[in-house]
Amino acid sequence: MPRLDCSCAGSQDCQTANSCHFDIRALSDLKSRSEGEGQMAATTLSKRKGTKSQKSPPKKKQRNEPPPSIKKQRNESKSVKNKNPKKEDLFSDSDDMDEMVEEHGYMDEDQQVSDSVSEMSSDGDDLLADDFLQGIDDGSDDGEKGSDLDSDSDGRDIEDIADEDDKDRLGREEDARKEWIDNIKEGPDEFRLPTKEEVEDEANRPPDLQNLQRRIKETVRVLSNFKSLRQEGATRKDYVEQLTMDLGSYYGYNEFLIGALVEMFPVNELVELIEAFEKPRPICLRTNTLKARRRDLAGVLLNRGVNLDPLSKWSKVGLVVYDSQVPIGATPGYMAGYYMLQSASSFLPVMALAPQEKERIVDMAAAPGGKTTYISAIMKNSGIVYANEMKESRLKSLTANLQRMGVTNTIVCNYDGRELPKALGQNTVDRVLLDAPCSGTGVISKDESVKTSKTLDDIHKCAHLQKELILAAIDMVDANSKSGGYIVYSTCSIMIPENEAVIDYALRKRDVKVVPCGLDFGRPGFFRFRESRFHPSLEKTRRFYPHVQNMDGFFVAKLKKMSNSKPTPTASEPPETVEQDPRAVDSIDTNSDEEEFQRRSSIESIIAKGKESTITESKESNTKRTKESGKLQNGFPEKRKNKPKYDAKYWKEKKQQRLSREEISKAREEKRQALREGKKKAEGKQRAAK
């Protein structure tokens, strides 16, 4: 390749062509190297600007910027070059530009390199080479100079913007951190009970649900740790009253029902219970073992697009349905009687009853037939089942389900449950199931009208009817049955007057006792609630709640009849089937069972003192006692208007645990003798001292 400054212009006679050091390739490499270094410097600068957070980098030395006249000349030269300039114009422009730069002393490193290269070039070189080189020189000069200037100015702007953004970001983070710390510090004390004016103002406006929900959560939080979180000057009663009002407004309960629930449950559990009432219970099926097995039924339903699982370990026939692609109550299996749509809580009374084959059983409130068909399936269609329903309109569903499920051992009756002993006879059946009509406070998820429709009078009316029904159920059962003698009482209510109070009433009116239900889950019943005291054996009853077992609220109790006799009411006592005041279930309650026992024992000892009495207890009745001084009911005088809480058998067992009168008298005499001797010794010492 010829030398650029050689006079032969690339002829073959040139002897120095092979020794040229500055050829076109070398020049292009030099240009590309300089451009690459410029790009790397710009990239490095941008990275440094991006990573810098607080401290700005030291500024570079600014180059001597050319005066405005030179900038204007450059712009004019660029516009001329864009119009396909000729070779002479290019050379003249470049020469003029060099002269202007030299006059003002402006020269950078890249310009010096390009000038040195251009000086080495000769005017006689190849025209194409000159045009190529000239284009590279002019373009690189102007581009590099412009890029240097723009990069410096842009770099300063980017650095300033980055610094401002970093400062803003750090400021926001610091403010958020301080606010978070303040919220934590002020959290326990930020909640204050509303004043009377605020409560009145809220009553005149539509309820603010978000505010009510927040206040409910805060009130529950304070009551759970009342000692450290309570507002100064506020009592627990104030918080409970406010919580009662807020729960009633937020969930739509009337004052009576929400007040009763607040009294029964701790605040944390109360909110869980009310939330559970807002959600529907799972759909459950009971396999009809007269026609199918649970495994086969599950397979058939799965093939039809029903998503299901076994109900639980405590049931061998139950299935729980999560979702279904077909109506679960209209499948061929349902029409054929392979299963019954039945809530999980309805399984429990029949399981507690535990019917045996070839027994006589009464279902006092049978419609729509879920429990009756379950009893018949367990008995394998043997024996006799009396399915009674008082409402004639519900007999259609009862008989339809009995026929669909293939039940053949059932007789359908239409009587008032209180009249059944007259129709079927007393002491004639082995077992009775009483799923008593109730207020329905355990199935609010199915009927939300209970929230506002039930009052205290409704609870008392239901309790009065339930007491009459349970006495009728006890009278129908034969205590001498070889395999039976049991009564199961159940309700879909969680109210204590409808459950424990009714069982306690039956214990006092009939010779029965509470036995275990045979259900190893559920919560024990109340035997002590506020001022009420019930028989200790009520702990064997079982309660079920939606927020615990995920089933309807339910109560189950199982009684064993001990004898077929029943006490005759005296003139001072009301009839057996009438309860004067359901609220006064026990008018002689005391603070504890032990105190009550001591008080009643002292009454018995006073009555028996100084009189010769003989106590005879009949096998048929343990509640009557005959004394020479007259007839006494359960050891109490006839003048007492209220019947004692427990029967004579209970007090006899308690009395046997105490010391006899002779032992007590002997101990007292020994104590008196010791006091006399001590007194004599003290008097003797005084005389000796004198």
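Two strands count as paired if DSSP finds at least two bridges between them. Helices (H or I, at least four residues) and strands (E, at least two) are DSSP runs that are numbered from the N terminus. The views below show a predicted model, in which local features need pLDDT of at least 70 and side-chain atom pairs count only at pLDDT 80 or more, whereas totals for chains, interfaces and linings use all residues. Residues are numbered from 1 along each chain as its sequence is written, and side-chain values use heavy atoms, with hydrogens and water left out.

**View 1. The open sheet of four strands and helix α12.** Strand β2 and strand β3 (residues 318-324) are paired in the antiparallel sense over five bridges, and within this pairing Asp309 has Val320 of β3 as its bridge partner. The two strands belong to an open sheet of four strands, ordered β2-β3-β1-β4, with antiparallel pairing. Its edge strands, each of which pairs on one side only, are β2 (306-310) and β4 (339-341). On average, and with direction ignored, neighbouring strands of this sheet are turned by 35° against each other; axes here are lines fitted to C-alpha atoms, for helices over the stretch in contact, and angles run from 0 to 180 degrees between N-to-C directions. Helix α12 (residues 294-303) lies across β1 (283-287), β2, β3 and β4, and runs at about 160° to β2.

**View 2. The crossing of helices α19 and α20.** Two packed helices are described by the angle between their axes and the distance between the axes. The axes of helix α19 (residues 456-476) and helix α20 (residues 500-509) come within 10 Å and cross at roughly 45°. That makes α19 oblique to α20, because angles under 35 degrees count as roughly parallel, over 145 as roughly antiparallel, 65 to 115 as roughly perpendicular and the rest as oblique. In the contact, which means heavy atoms within 4.5 Å, α19 takes part through Ala463, Gln466, Lys467, Ile470, Leu471 and Ile474, while α20 takes part through Ala501, Val502, Ile503, Tyr505, Ala506 and Lys509.

**View 3. Strand β15 and its partners.** What covers the title strand can be read from burial, where buried means under 20% relative accessible area, exposed over 50%, and partly exposed in between (1.4 Å probe, protein chains only). Strand β15 (residues 554-561) is mostly covered, with eight of its eight residues buried. Both faces are covered, since Phe554, Val556, Lys558 and Lys560 on one side are buried, as are Phe555, Ala557, Leu559 and Lys561 on the other. β15 pairs in the antiparallel sense with β9 over six bridges, and Val488 stands opposite Lys558 of β15. Strand β10 (residues 512-515) also pairs with β15 in the antiparallel sense, over four bridges, and here Val512 stands opposite Lys561. Strand β14 (residues 542-544) is another antiparallel partner of β15, over three bridges, with Arg542 opposite Val556.

**View 4. Two buried residues, Asn499 and Val271.** Asn499 lies in the loop between β9 (486-491) and α20, and counts as buried because its relative accessibility is 0%. Not counting residues up to four places away in sequence, Asn499 touches Tyr489, Thr491, Ser493, Ile494, Arg543 and Phe555. Val271, found in helix α11 (residues 267-277), is buried with a relative accessible area of 19%. The C-alpha atoms of Val271 and Ile216 are separated by 8.9 Å, although these residues are 55 residues apart along the chain.
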